[in-house]
Amino acid sequence: MNKLLLLPVLLTGLSACGGGSSTSPESLPPLSSSSSNTTTTTPTTMFKTLVIDGYVEGANVFIDFNFNLIQDEGEPSGIFNNTTYEYEFNSTDFGQITNFTETCGENRPRIAQVPVGAMDSTRGVVNTAYTMMYFPHDGGTSKANVTPFTTLLVDSINSMLSDTSITVANGCASTTNSLANDIKTELNTVLTNLEQNFNVNRNYFYDDFIASADINQQAIGEKIVDFLGTLHATETLLKETYNMGFRGMLNDEVITLILNNTPFDSVTLNIQNQTVSTQEDEHFRYNRR
C-alpha cells in the first residue's frame, strides 16, 4: 500500500570551485583560534570521523542507530578535535542503546549536518547549510570519512531505509544488525559493479581526498557540496510549506558523470516524503511514501 512520490528537481547554474593546494590534517593550522571544543584523545574515545569538503569544523556529527537518517534522543554527537580534525565519540555516551558494542557502532551510518557558520579548511566559512552521509562497506574500519562521495552512494540503498519502526534502544538488536548487514551487502555489490564498469577503486568514494592531495577530486567534491546545499534549501522549503518531513538525494546518475569524467553543471534530485509507519494488525504495518 505504499504510494511512491518522487519529485525530480533540475538544478542548474552551479559550477565547480577551483582546487588549490591540499595537505594532510596533521600539517594544517587550527581552523579557529578557539580551544573550547578541543578534546584530548583518550582510551574511551571511539568512532573517529572526518567531515570532508575541506576539513569541516562546527558540524553536528552523529551515529544513526535506527537508520532513519535523523538524530533521535540517545544518539550522541561527536566532539571536534582541533589537532586531528576528527570528531570523536565517548564510549559512555551510548547508554540508551541496549547491548551496545563497538562493532555495532562501526556498522551504523554516520551523518554530518553542516550549518551556516561552520568552518571549512579549504573554502572558509560555510554560507549554505548541507548534510553528508556515510554508510559502512565491506573492508571499512572504526574510522570514517564523511564526504560528498560517500553521500552519493545513499541513493543506491534508499529503498532499504523504509522501516521507521526501529527505536534507538533497539539500535543494536539482531533485527537491526540484519538490516545493517543487508545494506553493507548491497553497497558492496554497487561498489564492485563500479569497479568493474569504470575500473575505479572503491576507495575513491571513501578516501580522504584532502590528505591524498587529489585536486581534481577535491574540485568535484566542492561541486557536489554546492548541489547538496541547494538540496538542503529545497528540503527546508518543502517542510515549511507542507509541515511534514522531506528527504532528498542526488540521483545516482551523477556518479556515472563523475566516473566518465564528463563535465556537468546540473543534476537531478529525488525528493521523498514518508510518514511514520503504524501497526494495523499483527501482520501489517502501513506508511505512505
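**Exercise 1. Classify the pair Tyr204 and Phe205 in this predicted model.**

*Solution.*
Step 1. Start with burial: phenylalanine 205 has a relative accessibility of 2%, so this residue counts as buried.
Step 2. Tyrosine 204 has a relative accessibility of 18%. The limit for buried is under 20%, so tyrosine 204 counts as buried.
Step 3. Turn to the rings. The structure holds 16 aromatic pairs. Tyrosine 204 and phenylalanine 205 form one of them, with 5.5 Å centre to centre and 80 degrees between the planes.
Step 4. Planes over 60 degrees apart count as edge-to-face, and that is the class of this pair.

**Exercise 2. Place Phe205 and Ile258 in the largest nonpolar core.**

*Solution.*
Step 1. This core has 73 residues.
Step 2. Phe205 and Ile258 are among those with the most contacts inside it, along with Phe135 and Phe149.
Step 3. Look at the partners of isoleucine 258. Setting aside neighbours within four places in sequence, they include Phe149, Tyr204 and Phe264.
Step 4. Follow Phe264: the charged end of lysine 223 sits over its ring, 4.1 Å from the centre.

**Exercise 3. Leucine 69 and asparagine 199: which is buried and which is exposed?**

*Solution.*
Step 1. Most residues other than glycine have a negative phi. Leucine 69 has a positive phi of about 65 degrees. Asparagine 199 has a positive phi near 55 degrees.
Step 2. Locate them. Leucine 69 lies in the loop between strand 4 (60–63) and strand 5 (79–80). Asparagine 199 is in the loop between helix 3 (174–198) and helix 4 (203–206).
Step 3. Leucine 69 has a relative accessible area of 7%, so it is buried. Asparagine 199 has 73%, so it is exposed.

Technical notes: Residues numbered from 1 in each chain as written. Predicted model: local features only at pLDDT ≥ 70, side-chain atom pairs only at ≥ 80, totals over all residues. Heavy atoms only, no water. Core = buried A, V, L, I, M, F, W, Y, C linked by side-chain atoms within 4.5 Å. Buried < 20%, exposed > 50% of the residue type's maximum accessible area, 1.4 Å probe, protein only. Contact = heavy atoms within 4.5 Å. Helix = DSSP H or I, 4+ residues; strand = E, 2+ residues; numbered from the N terminus. Phe/Tyr/Trp six-rings, centres within 6.5 Å; stacked < 30°, edge-to-face > 60°. Lys NZ or Arg CZ within 6 Å of the ring centre and 35° of its normal.
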